[in-house]
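Open the model in a viewer and keep the sequence panel beside it. The stops below say what to select next and what is there.

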Amino acid sequence: MIRDEIFNLIEKSIKILQKEKVFPKFDIPGIKIECPKERVHGDYSTNVAIVLSKKIKKDPMETAKTLASRLQVLGSGLFEKVEVKKPGFINFFLSKEYLQSQVKEILKRGEKFGQLKIGKNKKVQVEFISANPTGSLHIGNGRGAFWGDSLSNVLEKAGYRVTREYYIDDAKNSLQIRELGKTALGKGRTYLTKDLEIKIKKLKPKLKKITDFGEAGHLLAQEIQKDIKDLIENKLKIKFNVWASEEKLYKKKKIEKILSWLKKKEFVYQKEKAQWIKTLEFGDSKDWVVVRTTGEPTYFLSDIAYHKDKINGGFKKIIDIWGADHQAHVSKMKAAMKILGFKGDFDVLITQMVSLKKGKISKRKGEIITLESLVDEVGLDAVRFFYLVKSLDTQMEFDVELAKERSAKSPVFYIQYANARIHSILAKSQIPSTKFQTNSKWGPQKREGGGRVEVQISNSKLKLLTHPSELNLIKQLIRFPEIIEDTAKDYQVQRIPQYAIDLATVFHQFYRDCRVLSEDGPLTQARLGLILATKQVIKNTLNLMGISAPEKM
RNA sequence: GCCCCUGUAGCUUAACGGAUAGAGCAAGAGUCUCCUAAAUUCUAGAUACAGGUUCGACUCCUGUCAGGGGCACCA
């Protein structure tokens, strides 16, 4: 990554300047390197000089100039120029040579382009959706679903070992399952929908022999869960590694075990005939009941047992994605994780609510809108994109009409169209497209029979890529690994679709300005190399989001 | 009453404390003898309000106003 290279150069320069006693001794502060919004400010810029000048009590501009002249020398070949601007920014302009060489790098790495090692192969668990097995997934669940899936993809790309996990609240003695059981046995109407009525009818023979609400509810919940699993795997195309069950935690006595451990360590006490956990001492606003007066454990206790299981799984990072209605649960669980002595990262992401902007999607009045009907209506690619493009922290209004649009109006098609254009050029170039897809090796390739033209991209040909639109495209391509790094660190997945749009934009501009197939043989080859690299990065980006890259549109 | 999230252009929204707040839709004006015009170029338009911290604030802090969610021996 160029950003890392610049970082190293800055560090090196500072050390040299300290040795020469131009700078006094100090620890190098956190350096920030970013892509400026304004192109006139360079391809990358840093504020080190401003930060440094405080430490060494010098004019930031002067510090910047001293540093910049050193960087210019050290980074020769990498930069076309290094500039100092106003308050003390140092701006870097990448050299053509460096950019041209990156096309080769991207093609070399192929699908692996963007694969980082910052995760150091550490185990991460991402738990998401975990909807109650009492009905279908609704549009709110979609947020956690696609966000969790894409975040997992990003973390994998960053070099973590990711486990995707779904937790099923199917415990027989939980109140919701008993409520469901009442409904199953015709003694209540909670959760009742037309869909559920059909399921209950199907289960009639089995239900006849059951009198216990918990048993009946569990049976029905299993049926519901089958549908949910089918939907997730086949329609939403999300593959979970683990489907955890609350009921199993009870069966394996894990709830009992954790309770006795908590008691032994005196984290649990008796008050008003119930048992409370001392979450107040660990950062929450109050203590909570873990065993009711009736002697039954609460959901919180089983959740603690569940998280104990996660810790035992050896995860260094545990991420839970919950809906807005679980917001109060965050501080409870964080306190519980401290009680359990978890030393890794525990992050809880809360998804704000989802509503529909407009559209005729609700076919039956009064029923909640299911995620399935939304996918049917809009298509998976568009659904995934629209869920991902918004920050989790804001409430989301799903624009059904825009998402359904198969035209320039929809950003999804805008991105896919860029890919289709590339394929169209490749098709016209008479080179079999499969060759480009499978062959990621660098260098002149053997000629196939039939006298077909082949791409033989060499450094000398890449030097022909000098048009501003070409260089601009390359600059955008090489940002991909940075996007992965940033997103793996701050979980702001909306950066990915945003990047995809930017990438498509610069490609469309390139397409306008530079004709790929021309009489100029070497230039044609160089540009074919560039669009191959672009195709690869678009593909890699879409893969992160789980969106397809059709060849024709 | 307390806690969490959010107030950015007519609409949907973006912006690790950075430079002239970036897109898309909608509105107006251009661009196809040329690899898909499903594209592209230009025009107009925004940080709820009041303070504070900082060389520098949409971003951090305080207060006000507005919207959503949560404050169970439900999950």
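**Stop 1: helix α20**

Select α20 and colour its buried residues: Phe 480, Pro 481, Glu 482, Ile 483, Ile 484, Glu 485, Thr 487 and Ala 488. Here a residue is buried if 20 or more other C-beta atoms lie within 10 Å of its own, exposed if 12 or fewer, and partly exposed in between, with C-beta atoms placed from the backbone. Helices (H or I, at least four residues) and strands (E, at least two) are DSSP runs, numbered from the N terminus. This is a predicted model, in which local features need pLDDT of at least 70 and side-chain atom pairs count only at pLDDT 80 or more, while totals for chains, interfaces and linings use all residues. Residues are numbered from 1 along each chain as its sequence is written, and chains are lettered from A and ligands numbered from 1 in the order in which they are written.

Because 8 of the 11 residues of α20 (residues 480-490) are buried, the helix is largely enclosed by the rest of the structure. To see what covers these buried residues, add α1 (2-19), α5 (139-157), α19 (468-477), α21 (495-513) and α22 (521-545), which are among the covering elements. Step just past the end of α20 to Tyr 491, where phi is positive, about 60°.

**Stop 2: helices α8 and α6**

Next select α8, residues 213-235. How far apart are its end C-alpha atoms? They are 32 Å apart, which agrees with the 33 Å that 23 residues should span at 1.5 Å a residue; the expected span is 1.5 Å times one less than the number of residues.

The buried residues of α8 are Phe 213, Ala 216, Gly 217, His 218, Leu 219, Leu 220, Ala 221, Ile 224, Ile 228 and Ile 232. Their cover includes α6 (175-184), α7 (194-208) and α9 (246-251). Just after α8, Lys 237 has a positive phi of about 55°.

Move to α6, whose buried residues are Ile 177, Arg 178, Leu 180, Gly 181, Thr 183 and Ala 184. Among the elements that cover them are α7 and α8. Gly 186, just after α6, takes a positive phi of about 75°.

**Stop 3: strands β8, β9 and β10**

Select β8 (residues 268-271), which runs antiparallel to β9 and is joined to it by 4 bridges; two strands pair if DSSP finds at least two bridges between them. Gln 270 lies opposite Gln 275 of β9. The two strands make a hairpin with 2 residues between them, and Glu 272 in the turn has a positive phi of about 50°.

In β9 (residues 274-277), Gln 275 and Ile 277 are on the covered face, Ala 274 and Trp 276 on the uncovered one. In a regular strand the side chains alternate between the two faces of the sheet. Add β10 (residues 288-291), which pairs with β9 in the antiparallel sense over 3 bridges. Here Ile 277 is opposite Trp 288.

**Stop 4: domains and confidence**

Colour chain A by domain: domain 1 (2-94), domain 2 (123-354) and domain 3 (411-545), with bounds from an automatic or database domain assignment. Between domains 1 and 3, 5 residues of domain 1 are in contact with 4 residues of domain 3 (C-beta atoms, placed from the backbone, within 7 Å).

Finally, colour by pLDDT, the predictor's confidence in each residue, from 0 to 100. Chain A has a mean of 89, and 92% of its residues reach 70 or more. Residues 359-366 stay under 50.

Technical notes:
Contact = placed C-beta atoms within 7 Å.
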